[in-house]
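Here is a short tour for anyone meeting this structure without an introduction. Keep the 3D view open and follow along.

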Amino acid sequence: YLIIIIISPKYYETVTTSPFDLENDERTFNTVYIHKQNEFIQNGSKNFRFIPILFPGAKKCHVPNWLQNTHVYGWPRDRDDILRRLMRVEKYNPPPIGELPTIVSIPI
């Protein structure tokens, strides 16, 4: 499964607030739970599932430290790239492989 993380000033405020100040709703608890997961670090900082999307009004400083070194998409600017990532479709298709060249060895 892929996890989309919508980065906004509200998200940043939610995940950086002390646990005693959090509202008692399921959405907030889920947001903080995902933020505190260390799956990303356990994978050697390889991002396989998390798709951080920077919403208008948010800045790069709102992105969690553990996602700073991964590609952060901007909404709505990177809409097509986000859809390609979700559908696992490559942006550029490599050209087909042609026939192998014939190597001729000439003894000296």
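## Salt bridges around α4

Let's begin with Arg-79, which makes a salt bridge to Asp-80, with 3.3 Å between the closest N and O atoms. Before going on, bear in mind that this is a predicted model. Both partners are partly exposed: Arg-79 has a relative accessibility of 42%, and Asp-80 has 40%. As a general point, side chains of opposite charge can pair when their charged atoms come close. The structure holds four salt bridges, and a couple of others are worth a visit.

Slide along to Asp-81, whose side chain meets that of Arg-84 in a salt bridge of 2.7 Å, N to O. Both of these residues sit in helix α4, three residues apart, or about one turn of the helix. Why does that spacing suit a pair? An α-helix has 3.6 residues a turn, so residues three or four places apart point the same way. Arg-84 counts as partly exposed at 23% relative accessibility, and Asp-81 does too at 24%.

## A small network

Which residue from outside the helix also reaches Asp-81? That would be Lys-91, which forms a salt bridge with Asp-81, the closest N and O atoms being 3.6 Å apart. This pair ties together distant parts of the chain, since Lys-91 belongs to the segment after α4 while Asp-81 is in the helix, 10 residues away. Lys-91 is partly exposed, with 47% relative accessibility.

Put these pieces together and you get a network of salt bridges linking Asp-81, Arg-84 and Lys-91.

## The open sheet

Now turn to the strands. Three of them form an open sheet, in the order β1-β2-β3, and the pairing is parallel. β1 (3-7) and β3 stand at the edges with a single partner strand each, so one side of each has no neighbour in the sheet.

Take a look at how β2 meets β3. Strand β2 covers residues 50-54, and it pairs with β3 in the parallel sense over two bridges. If you want a spot to find in the viewer, try Leu-54, whose bridge partner in β3 is Gly-74.

## One aromatic pair

How many aromatic pairs does the structure hold? Just one. Phe-55 and Trp-75 are the partners, and they are stacked, at 6.2 Å centre to centre with 20° between the planes. They come from distant parts of the chain: Phe-55 lies in the loop between β2 and β3, Trp-75 lies in the loop between β3 and α4, and 20 residues separate them.

Are these two rings' residues buried or partly exposed? Phe-55 is partly exposed, with a relative accessible area of 31%. Trp-75 is partly exposed as well, at 36% relative accessibility.

## The loop between β3 and α4

Stay with Trp-75 for a moment, as the peptide bond from it to Pro-76 is cis, with omega near 5°. Pro-76 is also placed in the loop between β3 and α4. For background, most peptide bonds are trans.

Asp-78 is another residue of that loop, which runs between β3 (73-74) and α4 (79-87). Asp-78 is buried, because its relative accessible area is 11% and buried means under 20%. What does Asp-78 touch, leaving aside residues up to four places away in sequence? The answer is Val-72 and Tyr-73. The side chain of Asp-78 is also joined to that of Arg-77 by a polar contact of 2.9 Å.

## A positive phi after α4

Move on to the segment after α4, and you will find Arg-88 there. Arg-88 has a positive phi of about 55°, although it is not a glycine. That stands out against the usual pattern, as most residues other than glycine have a negative phi. Arg-88 is exposed, with a relative accessible area of 60%.

## The buried side of α1

Last stop: helix α1, made of residues 9-16. Which of its residues are buried? Tyr-11, Thr-14 and Val-15 are. These three cover an arc of only 90° around the axis, which puts them on the same side of α1.

Conventions: Residues numbered from 1 in each chain as written. Predicted model: local features only at pLDDT ≥ 70, side-chain atom pairs only at ≥ 80, totals over all residues. Heavy atoms only, no water. Buried < 20%, exposed > 50% of the residue type's maximum accessible area, 1.4 Å probe, protein only. Helix = DSSP H or I, 4+ residues; strand = E, 2+ residues; numbered from the N terminus. Arc of directions from axis to C-beta. Polar contact = N/O pair within 3.5 Å; in protein donor to acceptor, adjacent residues only side chain to side chain. Contact = heavy atoms within 4.5 Å. Pairing = 2+ DSSP bridges. Phe/Tyr/Trp six-rings, centres within 6.5 Å; stacked < 30°, edge-to-face > 60°.
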